Amino acid sequence: MRVRTPAALVLLVALAGCAGTDEADPAPSSAPDRPSGEAGLPTGGPVDDPVAAEPATALLDWQDTAVEAGTRYVKGPEWEALGDEGDTLVELARDGDAATVRAGGGRTISEVLMSESWAVVVRQDKAETAPSEVAVVDLATGETGAVTTPPAASGGSWALTDGDLYYPTYGDGGAYCLATAALADSNGEDGWCAPDRSGFSGLTASEHGVGIMTFDDARPVACRTVNLLDASGVPQPVDGPEDCTAWDVAATADGAVWSEVPKPRRQEEARFHAAADSTYFDLGPGTTGTAVPCGGSVFFVRDPQGPDEPARLMRWTPERTLEVAYESPSTGNAFLGEPVCGGGVLTLTSYGEQGDEHVWANVG
């Protein structure tokens, strides 16, 4: 888990100095009502006239984690992972079982991921000159192993779904590549490699697929494309986003959710969209870098839209409805950390003048 800051997005570092000057605001959608699809689900509009999804309040049953806000913490259905203040270790525990992963000398804990069956702890070299070390915990037995091949790049974007781990590695000639490891048999392999002078970030993974944002080094503004991996592990662009403006992406059962940044110099501010069976929905404003698939839905953060508004966690459901899943106790000066999913359990931090919260909820 990482706490979001006003510019806390990995790609902002990779693309420093790429700000543009286009300040045009996106036109609001005014699409008319449209009939439901064959399965009785709402139907969106064409790509140039998406249906505006009106959010309904459907708060999840949030519980206090009893962990201080800002502490690295991931909760799963049975296990929980708790980091220390210095990112020197992670303690995993459930009733009667425990396992500890230490960063070791010269290393820091950079990622903690959890599914129903596995936990992954990434130990990054502080100097970023050596590959990351990847510890794996089998949550059925509590036994600890490792992913060693292909070697993991230092830093980068990681994703875990069920027993499949996706992470960055280096290929021939220093190419930046996407590796996949099947944790049950410690079988890792190289996959797609980004073309020269380009890279990738923003990995998301669920039972519906793997999302990845690719970018080039164009100036003054890098061109970003959101993709879903096809059956052979090659990124395929999502239909719908405006060229070079997209950021977040997550697969759904019938399409994808993505975000677009309308103002290059305000890269934390985005507008989210969804595609469902080749129809399109406008999900409204959100914060880049916060889209997380969990329990069949896709969640994203929406900062306060006014001085009397809370920060909200939005949910795009398999029923093609947009819901408010969480509201911060503070209004105006309030924000949420990046949500974290651990095998269908969502963990969230909230910060504001009326107090901080660190909570979790099962995603039904």
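# Reading strands, sheets and disulfides in a predicted model

User: Is Val-51 buried or exposed?

Analyst: Buried means under 20% relative accessible area, exposed over 50%, and partly exposed in between (1.4 Å probe, protein chains only). Val-51 has a relative accessible area of 16%, so the residue is buried. The model is predicted, so local features need pLDDT of at least 70 and side-chain atom pairs count only at pLDDT 80 or more, while totals for chains, interfaces and linings use all residues. Residues are numbered from 1 along each chain as its sequence is written, and side-chain values use heavy atoms, with hydrogens and water left out.

User: Where does Val-51 lie?

Analyst: Helices (H or I, at least four residues) and strands (E, at least two) are DSSP runs, numbered from the N terminus. Val-51 is part of strand β1, which covers residues 51–52. The C-alpha atom of Val-51 is separated by 8.8 Å from that of Thr-279, although these positions lie 228 residues apart along the chain.

User: How many helices and strands does the protein have?

Analyst: There are 1 helix and 31 strands. Of the 364 residues, 50% count as buried. The exposed area is about 16,200 Å², of which carbon and sulfur atoms supply 47%; such areas come from the Shrake-Rupley method with a 1.4 Å probe, and for residues only the protein chains shown count as cover. Taking contacts (heavy atoms within 4.5 Å) with a separation of 6 or more, residues 24 or more positions apart account for 41%.

User: What is the strand order in the open sheet of 5 strands?

Analyst: Strands of a sheet pair through backbone hydrogen bonds, either parallel or antiparallel. Two strands count as paired if DSSP finds at least two bridges between them. Here the order is β1-β23-β22-β21-β20, and the pairing is mixed. The edges are β1 and β20 (246–252), each with a single partner strand, so one side of each has no neighbour in the sheet. Inside that order, β21 (residues 255–260) and β22 (residues 269–276) pair in the antiparallel sense over 6 bridges. Ala-256 has Ala-275 in β22 as its bridge partner.

User: Which strands make up the open sheet of 4 strands?

Analyst: That sheet runs β12-β13-β14-β15, with antiparallel pairing. Its edges are β12 (159–161) and β15; each has a single partner strand, so one side of each is left without a neighbour in the sheet. From one strand to the next, the twist averages 30°. For such angles, axes are lines fitted to C-alpha atoms, for helices over the stretch in contact, and the values run from 0 to 180 degrees between N-to-C directions. The β14 and β15 strands pair in the antiparallel sense over 5 bridges, and Ala-182 stands opposite Asn-187 in β15.

User: How many disulfides does the structure hold?

Analyst: A disulfide is a pair of cysteine sulfur atoms within 2.5 Å. The structure holds 3 of them. With the bonded cysteines numbered in sequence order, the pairing is 1-2, 3-4, 5-6.

User: What does the link of Cys-177 and Cys-193 look like?

Analyst: The sulfur atoms of Cys-177 and Cys-193 are 1.9 Å apart. The angle about the S-S bond is 95°, and the link is right-handed. Cys-177 lies in β14 (residues 176–182) and Cys-193 in β15 (residues 187–193), so the disulfide ties together parts that are 16 residues apart in sequence. Cys-177 is buried at 1% relative accessibility, whereas Cys-193 is partly exposed at 30%.

User: Where do Cys-223 and Cys-244 sit?

Analyst: Their sulfur atoms are 2.0 Å apart, and with -75° about the S-S bond the link is left-handed. Cys-223 is in the loop between β17 (209–216) and β18 (224–229), and Cys-244 is in the loop between β19 (235–237) and β20, so the pair links distant parts of the chain, 21 residues apart. Cys-244 counts as partly exposed, with 31% relative accessibility.

User: What is the torsion about the S-S bond of Cys-294 and Cys-341?

Analyst: The torsion is about 70°, so this disulfide is right-handed. Cys-294 lies in β24 (residues 292–294) and Cys-341 in β29 (residues 340–341), so parts that are 47 residues apart in sequence are tied together. The sulfur atoms of Cys-294 and Cys-341 are 2.1 Å apart. Cys-294 is buried, with a relative accessible area of 2%, while Cys-341 is partly exposed at 22%.
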